[in-house]
Amino acid sequence: MPSRLPIQDIFAGLVTSIGTAIRYWFHYTLVAFAWLGVVPLTACRIYKCLFTGSVSSLLTLPLDILSTENLLADCLQGCFVVTCTLCAFISLVWLREQIVHGGAPQWLEQNQQQPLNGVGQQNEAPPVQEIWTYWNECSEEPTKMIKGLEHLTCDERLRAGTVQPGDEKAQAFLSSQMLGLDGSLVFLEHVFWVVSLNTLFILVFAFCPYHIGHFSIVGLGFEEYVQASHFEGLITTIVGYVLLAVTLIVCHGLAALVKFQRSRRLLGVCYIVVKVSLLVVVEIGVFPLICGWWLDICSLEMFDATLKDRELSFQSAPGTTMFLHWLVGMVYVFYFASFILLLREVLRPGVLWFLRNLNDPDFNPVQEMIHLPIYRHLRRFILSVIVFGSIVLLMLWLPIRIIKYLLPNFLPYNVMLYSDAPVSELSLELLLLQVVLPALLEQGHTRQWLKGLVRAWTVTAGYLLDLHSYLLGDQEENENNANQQPNNQHARNNNAIPVVGEGLHAAHQAILQQGGPVGFQPYRRPLKFPLRIFLLIVFMCITLLIASLICLTLPVFAGRWLMSFWTGTAKIHELYTAACGLYVCWLTIRAVTVLVAWMPQGRRVIFQKVKEWSLMIMKTLIVAILLAGVVPLLLGLLFELVIVAPLRVPLDQTPLFYPWQDWALGVLHAKIIAAITLMGPQWWLKTVIEQVYANGIRNIDLHFIIRKLAAPVISVLLLSLCVPYIIASGVVPLLGVTAEMQNLVQRRIYPFLLMVVVLMGILSFQVRQFKRLYEHIKNDKYLVGQRLVNYERKSGKQGTSTTSPQSSQE
C-alpha cells in the first residue's frame, strides 16, 4: 500500500461516489414526487371533479390532473384528503376487528343457523366467520411446519424458508419497500393502489352521501337554511349518512323477511359502519360544540358581550368561531371527566352508578356503539346535555348574576386583544404559557389538595345527613375484610391445593382493581333515605356555587391588586391577572400547608426547616436569576440582532430593542434549545442539564450549576454579543472607512458571523466526509481481506495465549 493514494484513484473514487449520490438523488426525488406530488394532487383533482356536479369535468379530468395551476394549494389540500381516506380505511379495518372479536349485535346474528331442507345442515357461514376461520387455519400452518422441523438447526431452517432472519427487520424492510426507500421501483405499484383507494373512498364515503343529502334537502325545501349555516357541505353529508342509515336498516328488514341471509348480513354490517360513524361525530363533534356554545352564552355578561356580537363574529369567521367553541367544549368535557375520576377515588364504589367508569377495563365505547340501539344512545345524549348544561348554569351563569348584584364594579373582565399599557401582550402571554402555568400544573400537590377537599366535604356531608355509609362505606366492615384477608391467605397456603376457579377469579379481580375501585359495595340505608339524598344534592349545589364564586373572584382580585403596582391604572388582559392571582394563591396555600405539617414537630424543628428552606429559596433565586433571567435576556438579544433586526429594520433606520420582549422571547428559545439538547446525542451540555433535572430543587447544587452550566453558557453568549460589537464599533472606525460602511458593518456583522460559523461547520463536516471517503477508497483498492482469530484462555499452568490477526491473501 502506498503512503499516499494516487490522484487517479482519488478521482475515480470521487466519481463513483458522485454517481452513486446522483442515482440515489434521482430515486428519492422520484419517491418524493410520487408520494408528495402525484398522490395528493390526484386525490385533490379527483375530489374537485366529483363535486363540481358537471359531466364536462369528468371528460376533462385527465387534463385537470396534468394542469400546473395551483399546484401547491392543491397538493396541500390533497394531503388532507389522503389523510382522511387513509384514516377512514384504518377505521374500517379496526371496526371490522371490533365486530369480529367483540361479536356482532344480537339482531345481526339471529336466524344465522337455519335448517336446510328439513335436515340438520346449516346455511352458508357468514363472510366474517369464513374469513376468521381461514385466518386461524393459515396462522396455524407455519407453526405445524416448524414443529415438524425441530431437529434442524437455525441455518437449515433459514434455508428451508420456515424462519425469517429478523425478524422486526423484515417489517422495516417491507415498510421501506412500500415507500420506495429501499432503492427499488416496487413502490410505484403501491402508489397506484393508494390512488385507487383514495378514489374509491372519495366516491363511496363522500360523493354518494353528499349527493343523497343534497337531493333530499333540495326536495324538502331546506336548501336556504343549510346555506345560511356556512357549513353546507358538512351538514349535507351528515344528512346523507342519516338517510343512508335509514335506508340500510329498512333494506335489512326486507332481506330478513325474504330470508336472504347473506344480503341481510351485508346490509346489517354496512348499517353498523354508518351508525358508528354518526355516533362518533355526535360524541366527539356535536356534543363538545353544544357545550362550548352553551358556555359562551352563559358567560356573555362576564365579558360584556351580547348574542349579536357572537353572531357577527360567526358571520365574519364561521370556521374559526366553531373551532374555538368546540375546543372550549372539549376542555370542559375533559376536566369534568377528570373530576369524576377523582370522585371515584374518594366515594364508595357504586355511588356514581349512573356515570360510566372510564377506568373500567370492561368499558369499551365502540362496543357500546355497535351493540346498543339508537334510542339508548339518543337518551344518553339528551341526559348528558341536561347534566352538563345544568352544571354550567349552576357554576357560571348564576355566580355571574350574584357577582353583578353584590360587586357591580367587578365585572366585566377585560379581554381585549391589545393594550396601551407599557407591558407587552406578547411578553405576558409567553410569561404565562412558559413560566407560570407549567410551574403550577407540574406540581402534584394541586390534585392532592382537591382530593383532600372532596374527602373533607364528603365526610362532613355524610355525618351531617347520616349518609357516611352511603358515601364512603362502612369503615368497620373494611377493616374486618382487611383482617380476614391474611387469614384466608394463610389457610390457602396450608391447604396447598390449587383451585383453577379461584385463580381465575383472583386474576379477574386484580384486573378490575386497576385504576381505582370499581363494582359495588354494600351500605347501610338510613331512615328517610330519599329526603337525605335530596338534601345532599342541595348541599352539593350550594358548595359548587360557593366554590365557583371564589374561583371567579379571588384570583382576579389578587391579580389586579398585584398588577396595579406594575401597570398602575392601565387595564390589561384578565387572563394574565387571573393567572398571576392563581399562582399567588397557590403559593400561599402551599406555604400554609407546609407550616401546618411542621407544627407538630416542635419549634426547633420548625426553625431548622425554615433555615433549610430559606437557604434553598436563596439558591433557587440565584439560579433563577442566572438561568431564567440573564441567559434568556442574552439569548433573546442575540436572536434580535442576528435574525429580527436585519430582516425588519432597514439600514437607514435605527433599531429599537425592548429588553422585556427580548427576555420573553429568550425564555421560549431557551426552552426549545433545552428540549432539543435533551433529545440529541450525548455531550457535555446534555449531561449537565440532565444532572440539574435529576437533583431537583430540594437537592440544588449552586456551585455545580454556576460552574458547569451558567458560567459556560453566559460566557459564550457574552462573547457572541461583545466580540462583533467591538469589531464593528472599535476596530472598523480605526480603518478610516466611511460612515455608511461603518453603519453597514454594525448592522450586518451579526448575521455575517452567523453565516461564517455555519460555513465553517459545513466545511468541517465535508472534511470529515472526505477523510472517510479517502479511507474507503484506500481499503477498497489495497486491502484484500482480514481474518479475526478468537482469543482463547488456556487453563492450567500454560497461562494465556493469544493469536495475532493475520491477513488472508486471495
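Begin by selecting Y332 and F388 in this predicted model, where both Y332 and F388 are buried. With those two side chains still shown, look at how their rings meet: Y332 and F388 make an aromatic pair of the edge-to-face kind, with 5.5 Å from centre to centre and 90° between the planes. If you then colour the helices, you will see that Y332 belongs to helix 14 (residues 318-346) and F388 to helix 16, so this pair ties together parts that lie 56 residues apart in sequence.

Keep F388 on screen and widen the view. Across this structure the count of aromatic pairs comes to 30, and one of them joins F388 to F287, again edge-to-face, at 5.1 Å centre to centre and with 90° between the planes. Because F287 is in helix 12 (residues 261-298) and F388 is in helix 16 (residues 374-406), this pair ties together parts that are 101 residues apart in sequence. F287 has a relative accessible area of 7% and is therefore buried, since the cut-off for that word is under 20%, and F388, at 11% relative accessibility, counts as buried as well.

Which residues should be selected to show the aromatic cluster that includes F287 and F388? Add Y332, F336 and F381, for these together with F287 and F388 form one aromatic cluster.

Next, turn to rings that have a charge over them. Select R23 and Y24, where the charged end of R23 sits over the ring of Y24, at 4.7 Å from the ring centre. Then select R560 and F410, where the charged end of R560 is placed over the ring of F410, 4.8 Å from its centre.

The cysteines make a further stop. How many disulfides are there? The count comes to zero, and two cysteines can be selected for a look at their surroundings: C291 counts as buried at 6% relative accessibility, whereas C722 is partly exposed, with a relative accessible area of 37%.

Finish with a pair of helices, selecting residues 71-102 for helix 4 and residues 187-220 for helix 9, which pack at an angle of about 80° with their axes 10 Å apart. Helix 4 and helix 9 are therefore roughly perpendicular to each other. To see where they touch, show the side chains of V81, V82, T85, L86, A88, F89 and L92 on helix 4, and those of L197, N198, F201, I202 and F205 on helix 9, since these residues make the contact.

Terms used: Residues numbered from 1 in each chain as written. Predicted model: local features only at pLDDT ≥ 70, side-chain atom pairs only at ≥ 80, totals over all residues. Heavy atoms only, no water. Phe/Tyr/Trp six-rings, centres within 6.5 Å; stacked < 30°, edge-to-face > 60°. Helix = DSSP H or I, 4+ residues; strand = E, 2+ residues; numbered from the N terminus. Buried < 20%, exposed > 50% of the residue type's maximum accessible area, 1.4 Å probe, protein only. Lys NZ or Arg CZ within 6 Å of the ring centre and 35° of its normal. Disulfide = S-S within 2.5 Å. Axes fitted to C-alpha atoms, helices over the stretch in contact; angles between N-to-C directions. Parallel < 35°, antiparallel > 145°, perpendicular 65-115°, else oblique. Contact = heavy atoms within 4.5 Å.
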